[in-house]
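Here is a set of short exercises to work through with the model open in your viewer. Try each task before you read its solution.

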Amino acid sequence: MRDLTSQILELIRLTSTNLPEIVEKRLRNAYQNEEAGSAAQGALETILKNIEMTRKNSTPICQDTGTPIFFVQHPAEFDTGELTKQIRAAVALATKRTYLRPNAVDSLTGKNTGNNLGDEYFPTIHYTPAEKGFFTIDLILKGGGCENVGAQYSLPNNRLSAGRDLEGVRKVVLDAVQSAQGEGCSPGFLGVAIGGDRGTSYIASKEVLLRDLEDENTNEDLKNLETRITKEANQMGIGPMGFGGNATVLGTKITSTHRLPASFFVTISYMCWAYRKRRMILADNQVTYE
Ligand code: SF4
């Protein structure tokens, strides 16, 4: 198998230092929508300056470079064991070059491995077999602060009068935003999964964050719910970094998966303004990035 370590290293560099333009565009629009001279607008101004500077200098967008989460779609006959080795080598190299902060800490001893290589869960790598010839690696760098305000609800939820329907989903997602109060660095983006078991629901809520920010859900009900949740979250007045203001959530993506009749989980993965995600595509022996 071809050695892709240096191409994966470039994927990590791009993800950590160069925020996708569409995310920046949403942040610029949010800046325009805040009151001139307000703390909210000031926070967004600082964020926007930081995005420009880090892109220019090839330095991390945030000091917390997060958990590297890779989603690989590969041809069926692909050697995933070899690719895992290359991804891990690229992560260690990226840490050495300071594109990533050393973030892998032993949960029992507190010892940092120093190179972002922990056990088989760190970095996290998900493999999905795809059609012949189709090979992509998506990377999300998921910050710790925003991961802390993610949440999972089991419906029905009596406290919120949330039943097992889309209205119940709406109530618990907005409750998660309300509870975060801007922690996890708002304005953010919501990845929501309906269904699954507790584990798969969390994975799906992160995977849905890979969707194009501009796309529309192919399910009409979920599309309307995405729009409504974003709008209602922004009416809460939480604002950038919790300073108050109009921009709390800049996008919502929802997916649903099959579940047991006995369970109805709704899982919210909250992504901070540093919505670091990039894709590497290998086609006809050429590597490109999105
Ligand atoms: S939540 Fe995001 S923006 Fe905030 S410190 Fe963590 S990585 Fe940085």
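Helices (H or I, at least four residues) and strands (E, at least two) are DSSP runs, numbered from the N terminus. This is a predicted model, where local features need pLDDT of at least 70, side-chain atom pairs count only at pLDDT 80 or more, and totals for chains, interfaces and linings use all residues. Residues are numbered from 1 along each chain as its sequence is written.

**Exercise 1. Work out how compact the protein chain is.**

Step 1: count the elements, and you get eight helices and nine strands.

Step 2: compare the radius of gyration with the globule rule (C-alpha atoms only; the rule is 2.2 Å times the number of residues to the power 0.38). The chain comes out at 19 Å, close to the 19 Å that the rule gives for 290 residues, so it is as compact as a globular protein of that length.

Step 3: check the box, which along the principal axes is roughly 50 × 50 × 45 Å for the C-alpha atoms.

Step 4: look at burial. A residue is buried if 20 or more other C-beta atoms lie within 10 Å of its own, exposed if 12 or fewer, and partly exposed in between, with C-beta atoms placed from the backbone. Buried residues are 42% of the 290.

**Exercise 2. Take helix α6 apart.**

Step 1: α6 covers residues 166-180, so to speak a run of 15 residues. Its first and last C-alpha are 21 Å apart, close to the 21 Å expected at 1.5 Å a residue (the expected span is 1.5 Å times one less than the number of residues).

Step 2: find what is tucked in. G168, V169, V172, V173, L174, A176, V177 and A180 are buried.

Step 3: find the cover. Among the elements over these buried residues are β4 (151-154), β5 (188-194) and α8 (220-233).

Step 4: step off the end, where Q181 follows α6 with a positive phi near 50°.

**Exercise 3. Hunt for odd backbone geometry in the loops.**

Step 1: scan omega. L155 and P156 are joined by a cis peptide bond with omega about 5°, and P156 sits in the loop between β4 and α6. S186 and P187 are also joined by a cis peptide bond, with omega about 5°; P187 belongs to the loop between α6 and β5.

Step 2: scan phi. C185, not a glycine, has a positive phi of about 60°, and its place is in the loop between α6 and β5. N285, not a glycine either, has a positive phi of about 70° and lies in the loop between β8 (276-283) and β9 (286-289).

Step 3: buried or exposed, which is C185? C185 counts as buried because it has 23 C-beta neighbours inside 10 Å. N285 has 6 such neighbours inside 10 Å, so N285 counts as exposed.

**Exercise 4. Describe the shell around the ligand.**

Step 1: collect the residues near the ligand (C-beta, placed from the backbone, within 6 Å of it). The shell is C62, D64, G66, G143, G144, G145, C146, G184, C185, C272, W273 and A274.

Step 2: sort them by class. Ala, Val, Leu, Ile, Met, Phe, Trp, Tyr, Cys and Pro count as nonpolar, Asp, Glu, Lys and Arg as charged, and the others, Gly among them, as polar. That gives six nonpolar, five polar and one charged.

Step 3: map the shell onto domains, whose bounds come from an automatic or database domain assignment. Domain 1 (5-15 + 61-143 + 276-289) and domain 3 (145-271) each supply at least three residues.

Definitions and conventions. Contact = placed C-beta atoms within 7 Å.
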